[in-house]
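Good morning, colleagues. I would like to take you through selected side-chain contacts and backbone features of the structure that is about to appear on the screen.

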Amino acid sequence: MLIVGRFIVGFCGGLFCVAAPMYIAEISDTKIRGLLSSFFELLICVGILFSYVIGAFVPVFWFSIVCAVIPVLFAACFFWMPETPQYLLRSEKVDEARKSLQWFRGPYCDIKNELEDMKNDGEEEKKNKISFIAMFRDRLALKGILIVFGVFFMQQLCGYSAVLFYANSIFESAGSTLDPNINSIIVAAVQVAATIPASLVVDRLGRKVLLLISAVAMGILIVILGFYFFYQVQLVSQGWLPVTLLVLYVIFYSFGAGPVAWVVTAEIFAPQVKGPASAIGATSNWLLAFLVTLFYADMVAALNNNTTFWIFGGCCFLGAAFILFALPETKGKTTAQILKELRGKDPVGQNANLPLHALACIKMDKGEVSANTNGSTKTQYIAALAATLGAMALGTVLGWSSPAQTPILTGEVFSFTVSTSEFSWVGSVVNLGAAVSCLPTGFLVDWIGRKYTMLFISIPFVIGWAFIIWPAAVEMLIVGRFIAGFCGGLFCVASPMYIAEISDTKIRGLLSSFFQLLVVIGILFSYIIGAFVPVFWLSLICAIVPIAFAACFFWMPETPQYLLRRGKVDEATKSLQWFRGAHCDIKNELEDMKNAEEQERNNKISFFAMFGDRLALKGILILFGVFFLQQLSGINAVLFYANSIFESAGSTLDPNINSIIIGAVQVAATVPASLVVDRLGRKLLLLVSAVAMGVFIVILGFYFFYQNELVEQGWLPVTLLVLYIIFFSFGAGPVVWVVAAEIFAPQVKGPASAIGATSNWLLAFLVTLFYADMVAALNNYTTFWIFGGCCFLGAAFVLFVLPETKGKTNEQILKELGAKD
């Protein structure tokens, strides 16, 4: 009887999986359809969390009674909602359909055109209605069913149900002594927390990007989890690792594969086949879930859990390939546009062999936008990557001190000794060098150009490395690090400026974010090389990076804006043509650049006059605000303290391996930030990043405050550390450099950007230099709480002061800041 009861509630829940997404898709405006459709998975996660919380504190009998109240509450609330206008029109209830649509769109909305379109859709649907059996001979319906099956294949065969089933064992292997109910609540809370941002961004990022990021990340994490269990005997002291992997896995599932699969189901079919086709897709989903849950224990018994996890990882990667090559993007598109995309290229003629119901939808579609295919972005990507090799050179300088610290302090590297206090200067003087370089760079980029400023600096960069490789005394080592920091700081001004000037506005954020990505790649590069070779060879290999930069960047053109500023119109034309592609008509864009350059020349101001310019000052203050967030979030201090946190979690890994893990997390989190910055926007990414960092570092402070009571929860600080670094790398790390490249008028961009970058490096220098003193005076937990407070202050600044610059021209940004026409 218990099994029958579970079957019945499963049957009723499955019905909602078809009807609820369909209802939401039919009542929603296309602009928010993804957001509203993703509520379905969000409320599932909330329901699971509700069950875990109630079940942890009351007997099963009362727990079941409370759960039984939910469908009663649903009926009481949903009873007052109207039927969808589409269904009412289908049932020839025109007046009721009009009232329903008016209710959904608001009393003051003119629904006449939309209602007329719905009537036409209903008429065409009635004429071209097809039977359930005939649906399987309809190429587009079958294609939609296969696509839905593909995303549900990824959703279920990623092993999510199995990983949750195994969650308590993973917590136990991490040394957790928490009650299993509390473990379940933690996992469910993570699900809810990660599903909310997915709901918010699904209509900005799109379905395809979210599913792709989710599938790849889950595949990587579950494969690593498999390796943990394969080497569990050797890694018995690394209990924090499986918990961290589990939490990240749940986050990425809830951010994409969980909610977005249901969004796609609600959008992919024509109205005539939506009901039965969606039902077939949902049936496949639940059957796959049933099979995975039923046979998981048998798979583990036959293959071991590590092999089972590797199989799930392989399914994630297969799902990612399917999404990349087979799934159309449905964000913001009408049914007609989606069907046209499913149809693909027509080899015979316009609409040849197209099913009647699909042809009807396409005929009525009035929302097509033709894409401009004249331009090319390939050369912009090449130039941006070449320019940011200088950022990688900076990253190697920043990362060098971590693997070099122990060998240098133990006297294994140089003929002279280096004390701990002297090495603190070796580590932090890079920031001082970068701060000193920024201001002269602001003048150099306007004097000799963006390109040659970066090219010429590669020479002193190599000289700085030579001082580090062959120092005669500790002072020479510090000078070498200062020179390397000086050269790296120069790239912080010149490289983002170069990229912003060559980029199309649609990809400007993506290309500008390459700077931070290459910085963290350079840091990771140093960590990996330093883990396996002596410091001498590490320094020598790092010295090659600025040489490689010069060899690659030498062939890139100067920016068109700088060439126009120098009166070199022909060279500027050739440069712009190269960046936009040989077949692009650049006439209008070049004319706009000439006009902008003319305006700039007429309104040119001196360095000191800039401080009397309200817009320039406002830009500098905005830049200082976001750099305040970036540095006083405590990122350098947290990274400095990373090995201690690993040790407190019971890790016996070599410190170099700990550093590699941190570096890899930074790179892995910066990549998706680069991909979404032109879709989500700068403001939202910075806001989410600041709030999340504040939450995680405050909790980290509480962990150290109650460390004696939480000594057995060693997995907790590592998980918080990894999440903190992920959210820094997802927003505060890369996005501030994007803002720095966009916020100023051309006539003040060089010196104003330099002032902002100088403040950044000075803050970094001060945080790095005085962090140890803060910990000694205030304890580490108070220091972390101060950093958390700075994160929340930064979030408030971003929310109320920072303008959104995504996709806007420089003129539009300046107008938003208060410029007059």
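Leu248 is a residue of helix α13, which covers residues 240-267. Please keep in mind throughout that this is a predicted model. Is Leu248 buried or exposed? It counts as buried, because its relative accessibility is 10%, and the limit for that class is under 20%. Which residues does Leu248 touch, once its neighbours within four places in sequence are left aside? They are Leu221, Val722, Leu723 and Ile726. Of these, Val722 lies 474 residues away from Leu248 along the chain, yet the two C-alpha atoms are separated by 9.1 Å.

A second view of this region comes from Thr719, which is found in helix α33, residues 715-732. Thr719 is likewise assigned to the buried class, with 7% relative accessibility. Outside its neighbours within four places in sequence, Thr719 is in contact with Val243, Thr244 and Val247.

Let me turn to the charged pairs. How many salt bridges does the structure hold? There are four, and I shall discuss some of them. In one, the side chain of Arg450 meets that of Glu501, with 2.7 Å from N to O. Arg450 belongs to helix α21 (residues 450-469) and Glu501 to helix α22 (residues 474-502), so this pair ties together parts that are 51 residues apart in sequence. Both partners are buried: Arg450 has a relative accessible area of 1%, and Glu501 has one of 6%.

Another bridge joins Arg580 and Glu589, at 2.8 Å from N to O. Here the partners fall into separate classes. Arg580 is buried, at 4% relative accessible area, whereas Glu589 is partly exposed, at 28%.

The bridge between Glu114 and Arg105 has its closest N and O atoms 2.8 Å apart. Glu114 counts as partly exposed, with 28% relative accessibility. Arg105, by contrast, is buried, at 19%; this value falls in the buried class because the limit is under 20%.

One further charged side chain deserves mention. The charged end of Lys451 sits over the ring of Phe554, 5.7 Å from the ring centre.

We come now to the aromatic residues. The count comes to 33 aromatic pairs. Among them, Tyr498 and Phe553 are arranged edge-to-face, with 5.1 Å from centre to centre and 70° between the planes. This pair links distant parts of the chain, Tyr498 being in helix α22 and Phe553 in helix α24 (residues 535-553), 55 residues apart. Tyr498 is buried, with a relative accessible area of 0%, and Phe553 also counts as buried, at 0%.

A second aromatic pair is formed by Phe705 and Trp785, and it is tilted, with centres 5.6 Å apart and an angle of 45° between the planes. This pair, too, links distant parts of the chain: Phe705 lies in helix α32 (residues 682-705) and Trp785 in helix α36, 80 residues apart. Phe705 is partly exposed, with a relative accessible area of 39%, and Trp785 is also partly exposed, at 26%. Elsewhere, ring pairs join Phe16, Tyr23, Phe74, Phe78, Trp103 and Phe104 into a cluster.

Next, I ask you to look at helix α37, residues 810-817, in which Ile813, Leu814 and Leu817 are buried. Why can these residues be placed on the same side of α37? They cover an arc of only 95° around the axis, which puts them together on that side. The buried residues of α37 pack against three helices, namely α23 (508-532), α28 (614-632) and α34 (735-742). Just after α37, Gly818 adopts a positive phi of about 120°.

That brings me to the backbone. Most residues other than glycine have a negative phi. Glu92 is not a glycine, yet its phi is positive, at about 65°. Glu92 is located in the loop between α4 (85-90) and α5 (94-105), and it counts as exposed, with 61% relative accessibility. Asn779, again not a glycine, has a positive phi of about 75°. Asn779 lies in the loop between α35 (746-778) and α36 (780-800), and it is partly exposed, with a relative accessible area of 37%.

Thank you for your attention.

Notes: Residues are numbered from 1 along each chain as its sequence is written. Side-chain values use heavy atoms; hydrogens and water are left out. Helices (H or I, at least four residues) and strands (E, at least two) are DSSP runs, numbered from the N terminus. Buried means under 20% relative accessible area, exposed over 50%, partly exposed in between (1.4 Å probe, protein chains only). The arc is that of the directions from the helix axis to the C-beta atoms. Contact means heavy atoms within 4.5 Å. Rings of Phe, Tyr and Trp (its six-membered ring) pair if their centres lie within 6.5 Å; planes under 30 degrees apart count as stacked, over 60 as edge-to-face and the rest as tilted. A charge sits over a ring if NZ of Lys or CZ of Arg is within 6 Å of the ring centre and within 35 degrees of the ring normal.
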